[in-house]
Amino acid sequence: MKLKGWKELEIGAIIPEAGNAEQYNTGSWRASRPQWIEENCIQCLFCWIYCPDSSVTVKDSKRGEFDYGHCKGCGVCAHECPGKKGKKAIVMVEEGN
Amino acid sequence: MSTPLRLKELSKKEDLLTGGHRMCAGCGAPIAIRQVLLAADVPLVAANATGCLEVSTTIYPYTAWKIPWIHSAFENAAATISGVEAMYKALKKKGKIDRKIKFIAFGGDGGTYDIGLQSLSGAMERGHDMVYICYDNGAYMNTGIQRSSATPFGANTTTCPAGRVIHGKPQKRKNLTRIMAAHDIPYVAQTTPAHWRDLMTKVRKALEVDGPAFINILAPCNRGWRTPTNNAIELCRIAADTCFWPLYEYENGKLTVNYKPKEKKPVTDFLKTQGRFKHLFSPDSKDLLKQAQENTDHEWDKLLREAACWAEETGTTEEGK
Amino acid sequence: MGKKLAITGNQALAEAMRQINPDVCAAYPITPSTEIMQRFASFVSDGVVDTELVTVESEHSAMSACIGASAAGGRVMTATSSQGLALMWEMLHIASGMRLPIAMTLVNRALSAPINIHGDHSDGMGSRDCGWIQLYSENAQEAYDNIFQAVRIAEHEDIRLPAMVCMDGFIISHSIESMEFLPDEVIRDFIGEFKPKYPLLDVDKPVTYGPLVLPDFYIEFKRAQHEAINKAKKVTLEVAREFEKISGRSYGLFEPYRLDDAEIAIVLLNSAAGTAKDVVDDFRNKGIRVGLLKPRLFRPFPYEEIAEALGDAKVICVFDRADSFGGFGPMYMEIASAMMAAGSSPLMVNKIYGLGGRDFMPEDAEAVIKEMTGILDTGKTGTLKEYIGVRE
């Protein structure tokens, strides 16, 4: 990417594009990845409310796949997941496996 | 109409702090901040003190904020937002703006308990219509885990390392929430992101008052606390269950304790989860653990006594709340 | 046109602020500038202005609140002196780095220690590198005239930088002099409406102010800042021409006084320049070709223009009412840079005077000019930097 020169930048280092950090990939930080097992999911959405990286996608109040472009693999979601009948709906899997 | 505080409803709202920020994996602060932003049903303008949250969410040319946001320096988030709020009042008076906007400041414990305390105290006394949110992770984590006045007794930090003679931080932490309550502002509270409904209810109350409000939120830092990346929320629950971090609020000066654990757990349940307290569990540190328990008990008892006085005075039972 | 009144410098500036009617002022008391905000507070209390006055708990918070208010999207002013400006120092850089057109009146006062409340330029010169436009004023009239022009220069779309107007503590701030005020509507038209750029209060277009900028972009922003402040030279002259139309008073980047054909030039800032002008006249009457240059715009510094104005001088004495311990006075360094860059090599000496409010008398100017005539004759300077009026 060609970086802007001094005449092209907004004054005062102001960033006018709100929320453009979405374009930045933090998924590459992951050492392990959360895996969603839908059949064990009770749609409690704890994973969504406790995610530090806004990486649990939810549509019409139902959770969908993880946003692996941003998920850093911390594992908070898996830790907090109540699961169904003792079976977790989120498990952590080592990256590369 | 405000969104009901149910996750199914809240999840329909837009996240105002996006992914792609560079807080550490498993950090408690962005969990807390997301909840704060989700709780609000009015447009917000925010100021942020220098610190992890500020640095990691706005690395140029990226910003993770979808609300107007300003960072100017470390010690002055409260003064900065008070200027924004003053301009809002001025332009409203002149008819140049008519929307309802609320003002919020974020600071870590270093930027709030220590270097920003004067600025915070001044802004509260002047009565600006603003909410100050402290995310307390108990040390200067951004610069590499130096002790702050929020660091708990006995904690190992890089400037109060556990050594042969001095065993971590020798002093108790400052009780900032109660200092803020002493400002006699309309709303002061303490909470954690594990108790998301409690947190969001408190943010709503803080935003509803006409005047200044302060909320202190526990925000675990796995780098500084020496914990795994996955248990920030669990640590918050243990903090409340051991009364290390009680959940309470002052509404127009009246204290309510919002959570009383059925069985108050020993503070060691909290301390033993974290590497920063590891040295306290060596055989010759029994006195330190005893001291840590006494500190916790003392603060908790004080809180209960005061809450009981209020309950008696207003004729409500404590449990009625 | 305007009405004439005998008034102190502080009162004149408070009156100017009433006429500007800024959206927000945030300030903290400090001698000798306190009276400006004190009088302004009564304008607020009486409803003569509709400014939101934020009476902060320190100057650091004053500038922080000014920054928040300015970024929010309106006209912002403050006033301070000395330690107050020193406490603001961190925030001065942030105001300019964020390109916020805040206007400030700086009533110049010495810095501690030892504590001293009287006039010298240590505060203003100490903030030389903070990225603020600086206009200096000889008297209350100039300070009054400068503050309106400062607002226009700061808010100019090519510039968008904060500006401070400096005048001497006590000597000007607390002395009564006769001066002319312009009518309110004339000022209102002259300064015009504030035009916000990226206002924080536009919640439909959220912007981020104050991100972390790493080595990949930082120097580009600083380069742009240099460009913007340098444009203030041209804009200062344009604004001065417009101001002359409403006031009949003409301003430049500096004031040359009997400099044409001068062999000896003295450079003096603010009130002391007024004192020295009479002395220059006395020497001129004796046939000695001496002239005076009184800088007005100190940041950005008009190097080429000043070098040209001083071009014929063989001996230049630069007076500094501020010191750089272990170095020359700040004004001397600028003038020396200007002359050297222009390829001139006059004999140059530096006199430190009036620190902590010590009076600068006509006799002081006279003694120095006499000394300069000696240097002109012999072509030899003695000690380059000396303190005048100091007891042995």
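How much area is buried between chain A and chain B? About 3,300 Å² is buried between the two chains, and carbon and sulfur atoms give 58% of that area. The model is predicted. Two topics follow: the contact between chains A and B, and a sheet built from strands of chains B and C.

**Contact between chains A and B**
- Chain A brings 34 residues to the contact, and chain B brings 39.
- A:W48, A:I49 and A:Y50 supply 19% of the area that chain A buries against chain B, more than any other three residues.
- Two salt bridges are counted between the chains. In a salt bridge, the side chain of A:E22 meets that of B:K66 at 3.7 Å, N to O.
- Polar contacts link 22 residue pairs between chain A and chain B, with both residues at pLDDT 80 or more.
- On the side of chain A that touches chain B, helix 1 (46–49) and helix 2 (76–80) of chain A each give two or more residues.
- By class, that side of chain A has 19 nonpolar, 10 polar and five charged residues.

**The sheet**
- Nine strands form an open sheet with mixed pairing, in the order 8(B)-7(B)-5(B)-6(B)-4(B)-3(B)-1(B)-2(B)-9(C).
- Its edge strands are strand 8 (254–257) of chain B and strand 9 (208–209) of chain C, each paired on one side only.
- Strand 4 (residues 130–136) and strand 6 (residues 213–218) of chain B run parallel, joined by six bridges.
- B:D136 has B:L218 in strand 6 of chain B as its bridge partner.

**Helices on the sheet**
- Helix 6 (residues 117–126) of chain B lies across strands 4 and 6 of chain B, at about 150° to strand 4.
- Helix 8 (residues 196–208) of chain B also packs on the sheet, and its direction makes about 165° with that of strand 5 (187–191) of chain B.
- The strands of chain B that helix 8 touches include strand 1 (44–48), strand 3 (102–108) and strand 7 (248–251).

Technical notes:
Residues are numbered from 1 along each chain as its sequence is written. Chains are lettered from A and ligands numbered from 1 in the order in which they are written. This is a predicted model: local features need pLDDT of at least 70, side-chain atom pairs count only at pLDDT 80 or more; totals for chains, interfaces and linings use all residues. Side-chain values use heavy atoms; hydrogens and water are left out. Two strands pair if DSSP finds at least two bridges between them. Helices (H or I, at least four residues) and strands (E, at least two) are DSSP runs, numbered from the N terminus. Contact means heavy atoms within 4.5 Å. Axes are lines fitted to C-alpha atoms, for helices over the stretch in contact, and angles run from 0 to 180 degrees between N-to-C directions. Buried area is the accessible area (1.4 Å probe) that two parts lose on being put together, summed over both. A salt bridge is a side-chain nitrogen of Lys or Arg within 4 Å of a carboxyl oxygen of Asp or Glu. A polar contact is a pair of N or O atoms within 3.5 Å; within protein, one must be able to donate a hydrogen and the other to accept it, and residues adjacent in sequence count only if both atoms are side-chain atoms. Ala, Val, Leu, Ile, Met, Phe, Trp, Tyr, Cys and Pro count as nonpolar, Asp, Glu, Lys and Arg as charged, and the others, Gly among them, as polar.
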